[in-house]
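Here's a walk through one model, written for someone who would rather look at residues than at software output. Keep the viewer open while you read.

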Amino acid sequence: MLAAGLVSPNIEWSQILPLLILLGGACALMLFGTLIPGWNRTSSATVAVATGLAAVVASAIKWNDLYYVKGSTFIVNAVSVDRFSVLATITLCGALVLGVLLMSIHHDPLNGDKLESYVLLLTSTLGGVVMVSANDLIVLFLGLEVLSLSLYLLTASDRRRPESQEAGLKYFVLGGFASAFFLYGIALVYGITSSTSISGIRTDLSTNISVTTNDVMLLVGIGLLMVGLAFKVSAVPFQVWTPDVYEGAPSPVTAFMASAGKVAAFGAALRILLVGLERRVDDWRPIVFVLAVLTVFVGSIMAVVQTNVKRMLSYSSISHAGFMLIGVEAAAHFSGNGLASTMTYLVIYTVIVMGSFAVVISVAGNSDSATTLEDFKGLGKRRPAVALAFSALLFAQAGVPFTAGFIAKFGVIKSAVDVNSYAIAIAAMVAAVIGAYVYLRIVVSMWLEDSSNTDELVVSPLATLVLTLSVAFTLVIGFFPDILLNAVELVCGVADTGAIRDEFLRIRDTVLLKFLCGS
Amino acid sequence: MFSAVQPTETWYLILAAVLFGIGTVGVMVRRNPLVMFMCIELMLNAVNLSFVALATKTGDINGQTAVFFVMVVAAAEVVVGLGIIVAIMRRRTGATADDLSALKG
């Protein structure tokens, strides 16, 4: 009776397997964690890591399948499964696994088993995966909210520190504010194109002649969508929440927000802008240009005046967002390798930031509050190995050659130069130099300054594991970028990262040769 | 006399824009977290009104179904937001956004 006039859609469950695994893991963890007696945080962490790894494996299988079939959209065009979404999913699940490991070393006596924290990490990853694979703006909005609502709670989850709740409320109010703008943008774009599907919007904008004129409603809609996205990627001038929230949140959550949050937001932004609004590129590219230049400079300059390492890293994450926006701007010319370089940057940044926060969490101690620059002084004497690893990661963030960070920064700047955006490339290089000062300042504090604090610094095995993985990734990708660039090359369909790779290999060989010959 | 004037979709769109504007100004001007929160809900409902008006204008059903999703999201936001506000209230009395100023720099 009820379904007489309704045709139920065909749902290809196998295509959204990583999503189902994450959802199943979250539900199972919530249920069994409550019901089984003697369940502790090790069990929760094990389940969460297993779920994350299972989702990575499912995505990797999907990646392999995509050699034979072209990426396409499923479930009434709501979800698109292509190389782009699969690579972003793998990155998000990797961030989840590292985030869970970091969460396990974070000490919180008021929240002993931390079951909810692990569940919320799983659900926020779920939201992120929905965002990067959504082909419908409403689905994308739902993913955005699942990600954001979980992150609001995680931010406010440390009940010992009042800053944590303050950060949670600030994030919540400003995040809700930005979501409302984003949603209004969806409504207005829908009003013009009568479609909320990203590919539908693309079709409508390219076939419907009536919208090739400067329709005010469409322009306002695009503007509002960009406000919402700029807030999520913390682009200047929508970055005011970032330092406060990153400082107030528990350190593992900050690491997760900085990595997974950025991947999800950029994944959504790239798909909306490059696919949905491709025809309107002349309207939105100047906005991205201004956002990118402002973001790299404000992020780098404001980081210099900070005294708290967590705050420095949050401003540095703003400046990294600016570099990614430079990649988006280059991608908007649809002829270079902007998209590939942005994806590379996201993958590399995710790993580097996780490793950096493994050190921050270890130094911050049980109260999670010793995060000023003062607390990092003399780390080189207290724990030389940790200080050395942290230095490598900070050099990577600064973009020093032979670290993964160099590949990331080199990629976006080169892709900007390739499409003749010289102004933005120069701005990026100047900002990178200013930004380097911040990282060097932390390195100098660790190695050259003495501290009265001579207590034994306890670094748990899990922190060592995350740190080792991340430093290994940084150096391996730094010396052999082909591994990552080949994968990203497949995302973009064309051999457009080949240029970066060849250029880099040429530089590497020249430098190594000079070094070996002693000249 | 007045029955001759039929409200069109544009009227509703203008009303929605005005409501959205009131919500936006409210979030920026008011200092009580609960009121700021109510203003965000007002913004979301203004968007709902636009969705329905635009769906009627274009004769497409998707805009009307979108409203249900937005309502669900708004309800979930209430749960999370009130949870955070309650957690803060247990530490201190009186809720003003200006009191929350430990984080700056």
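Which residues in α12(A) meet which residues in α17(A)? On the α12(A) side they are Phe323(A), Ile326(A), Gly327(A), Glu329(A) and Ala330(A), and on the α17(A) side they are Lys409(A), Val412(A), Ser415(A) and Ala416(A). Sorted by class, that contact has five nonpolar, two polar and two charged residues. Bear in mind that this is a predicted model; its scores are ipTM 0.91 and pTM 0.91.

**Helix packing around α17(A)**

Helix α17 of chain A covers residues 404-418, and helix α18 of chain A covers residues 422-448. Their axes come within 7 Å and cross at roughly 155 degrees. Because angles over 145 degrees count as roughly antiparallel, α17(A) is roughly antiparallel to α18(A). From the α17(A) side, the contact is made by Lys409(A), Ile413(A), Ala416(A) and Val417(A). Facing them from α18(A) are Tyr422(A), Ile424(A), Ala425(A), Ala428(A), Met429(A) and Ala432(A). By class, this contact has nine nonpolar residues, one charged residue and no polar ones.

Helix α12 of chain A, residues 309-331, is another partner of α17(A). Here are the two crossings together.

| Helix pair | Axes come within | Crossing angle |
|---|---|---|
| α17(A) and α18(A) | 7 Å | roughly 155 degrees |
| α12(A) and α17(A) | 8 Å | roughly 35 degrees |

As for handedness, α17(A) and α18(A) cross in a left-handed way, and α12(A) also passes α17(A) in a left-handed crossing. Lys409(A) and Ala416(A) turn up in the contact with α18(A), and Lys409(A) and Ala416(A) also meet α12(A).

The loop between α17 and α18 of chain A holds Asn420(A). Asn420(A) isn't a glycine, yet it has a positive phi of about 65 degrees. Is Asn420(A) buried or exposed? It is exposed, since 12 other C-beta atoms lie within 10 Å.

**Other backbone spots worth a look**

Asn77(A) also has a positive phi of about 65 degrees without being a glycine. You'll find Asn77(A) in the loop between β1 (72-74) and β2 (79-81) of chain A. Asn77(A) counts as partly exposed because it has 17 C-beta neighbours inside 10 Å.

Then there's a cis peptide bond, running from Val236(A) to Pro237(A), with omega near 5 degrees. Pro237(A) sits in the loop between α8 (216-232) and α9 of chain A.

**Two buried residues**

Thr242(A) belongs to helix α9 of chain A. Thr242(A) counts as buried because 26 other C-beta atoms lie within 10 Å. Leaving out residues up to four places away in sequence, Thr242(A) touches Ser234(A), Ser314(A) and Ile318(A). If you want a ruler across the model, the C-alpha atoms of Thr242(A) and Leu142(A) are separated by 22 Å, with the two residues 100 apart along the chain.

Gly127(A) lies in helix α4 (residues 115-133) of chain A. Gly127(A) is buried too, because it has 23 other C-beta atoms within 10 Å. Which residues does Gly127(A) touch, not counting residues up to four places away in sequence? They are Gly143(A), Leu144(A), Val146(A), Leu147(A) and Ser150(A). Tyr68(A) is 59 residues from Gly127(A) along the chain, and their C-alpha atoms are separated by 28 Å.

**Chain B and where it meets chain A**

Chain B has three helices and zero strands, so to speak an α-α-α run from the N terminus on. Of its 105 residues, 28% are buried. Among contacts in chain B with a separation of 6 or more, 47% link residues 24 or more positions apart.

On confidence, chain B has a mean pLDDT of 87, with 86% of its residues at 70 or more. Of the elements of chain B, helix α1 (residues 9-29) has the highest mean pLDDT, 94, and helix α3 (residues 62-89) the lowest, 91. Where pLDDT is low, the predicted coordinates should not be read in detail.

The contact between the chains takes 33 residues from chain A and 34 residues from chain B. On the chain A side, α5 (137-155), α6 (162-193) and α9 (241-248) each supply at least two residues. The largest share, 17 residues, comes from α6(A). By class, the side of chain A that touches chain B has 18 nonpolar, nine polar and six charged residues.

Terms used. Residues are numbered from 1 along each chain as its sequence is written. Chains are lettered from A and ligands numbered from 1 in the order in which they are written. This is a predicted model: local features need pLDDT of at least 70, side-chain atom pairs count only at pLDDT 80 or more; totals for chains, interfaces and linings use all residues. Axes are lines fitted to C-alpha atoms, for helices over the stretch in contact, and angles run from 0 to 180 degrees between N-to-C directions. Helices (H or I, at least four residues) and strands (E, at least two) are DSSP runs, numbered from the N terminus. Angles under 35 degrees count as roughly parallel, over 145 as roughly antiparallel, 65 to 115 as roughly perpendicular and the rest as oblique. A crossing is left-handed if the near helix is turned anticlockwise from the far one by less than a right angle, and right-handed if clockwise. Two residues are in contact if their C-beta atoms, placed from the backbone, lie within 7 Å. Ala, Val, Leu, Ile, Met, Phe, Trp, Tyr, Cys and Pro count as nonpolar, Asp, Glu, Lys and Arg as charged, and the others, Gly among them, as polar. A residue is buried if 20 or more other C-beta atoms lie within 10 Å of its own, exposed if 12 or fewer, and partly exposed in between; C-beta atoms are placed from the backbone. pLDDT is the predictor's confidence in each residue, from 0 to 100.
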